[in-house]
Amino acid sequence: MSVLRPLPHPPSSELELVNQAQQLAGMALGELATLAGMSTPPNLKRDKGWTGVLLERWLGASAGSKPEQDFANLGIELKTIPIDAQGRPLETTFVCVAPLTGNTGVVWETSHVRHKLHRVLWVPVEGERSIPPGERRVGTPLLWSPSEEEDDQLRRDWEELMDMIVLGQVERITARHGEVLQIRPKAANSKALTEAIGENGQPIMTLPRGFYLKKNFTGAILARHFML
DNA sequence: GGTTGATCATTG
DNA sequence: CAATGATCAACC
């Protein structure tokens, strides 16, 4: 017999990771926080990453400071995703920062977006604001890799968006571009600036951006999971 | 400022 | 009332 406890080190196999994630299904975040020695905030206004950090800790991902996948040895990225009572995503999913310079010759096959999404452990978590964070429950995890169709959808959006960046049109990009992948600000605030290519090819300073998966895309992944 | 983890809150 | 644009925290 063993009590439920956070993995004290990175999982050494996919089985160990998935088993641990499945053990968390049905548990309340407050209970998991207590068992992990973490406090539980009354809301997520000032703790937006709290759920993600909590699950990282339970699954043995070294919290937050990695350049690559959460489980580099397994080639797996961990994503918690807030869902409503019907299992539909409540928020878009951040993928990675959008590179605004040094993009000459970059292709989809070796892009950061494709690498990040090659294998993802989705952990749904109740996310409605009417439920206090401590009472939100973890759902059934799903280990996912993009199908050919999904990879193609992502590639088309990525190419359109990267073309705009390379052509100096980054400030014309809005969250409406892309069917399943979008670019939106990703910064501490609207005063944060980073270098990019201007409309005449000159260096400009602009808001840092990130790639996000739109809810139609992640919703389809989760829906297929429920149907199977 | 840039990375990690994301959700908030104003707007259409 | 969903979605876009803005923002919060910790670590380095």
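In this predicted model, helix H3, covering residues 50–58, lies across strands E1 and E3. Its direction runs at about 135° to that of E1.

Let's follow those strands into their sheet. Strands of a sheet pair through backbone hydrogen bonds, and the pairing may be parallel or antiparallel. Here the sheet is open, has 3 strands in the order E1-E3-E4, and shows mixed pairing. At its edges you will find strand E1 (77–83) and strand E4 (142–144), each of which pairs on one side only. From one strand to the next, the twist averages 30°.

Now zoom in on E3 and E4. Strand E3 takes in residues 120–126, and 3 bridges join E3 to E4. These two strands run antiparallel, and Leu121 stands opposite Leu143 in E4.

From the sheet we can move on to a pair of helices. Two packed helices are described by the angle between their axes and by the distance between those axes. For helix H5 (residues 148–166) and helix H6 (residues 215–227), the axes come within 12 Å and cross at roughly 170°. Angles over 145 degrees count as roughly antiparallel, so H5 is roughly antiparallel to H6.

Which residues in H5 and H6 meet? On the H5 side they are Glu150, Gln153 and Leu154, and they meet Phe217, Ile221 and Arg224 in H6. Sorted by character, the residues of this contact of H5 with H6 divide into 3 nonpolar, 1 polar and 2 charged.

How values were computed:
Residues numbered from 1 in each chain as written. Chains lettered and ligands numbered in written order. Predicted model: local features only at pLDDT ≥ 70, side-chain atom pairs only at ≥ 80, totals over all residues. Heavy atoms only, no water. Axes fitted to C-alpha atoms, helices over the stretch in contact; angles between N-to-C directions. Helix = DSSP H or I, 4+ residues; strand = E, 2+ residues; numbered from the N terminus. Parallel < 35°, antiparallel > 145°, perpendicular 65-115°, else oblique. Contact = heavy atoms within 4.5 Å. Nonpolar A, V, L, I, M, F, W, Y, C, P; charged D, E, K, R; others polar. Pairing = 2+ DSSP bridges.
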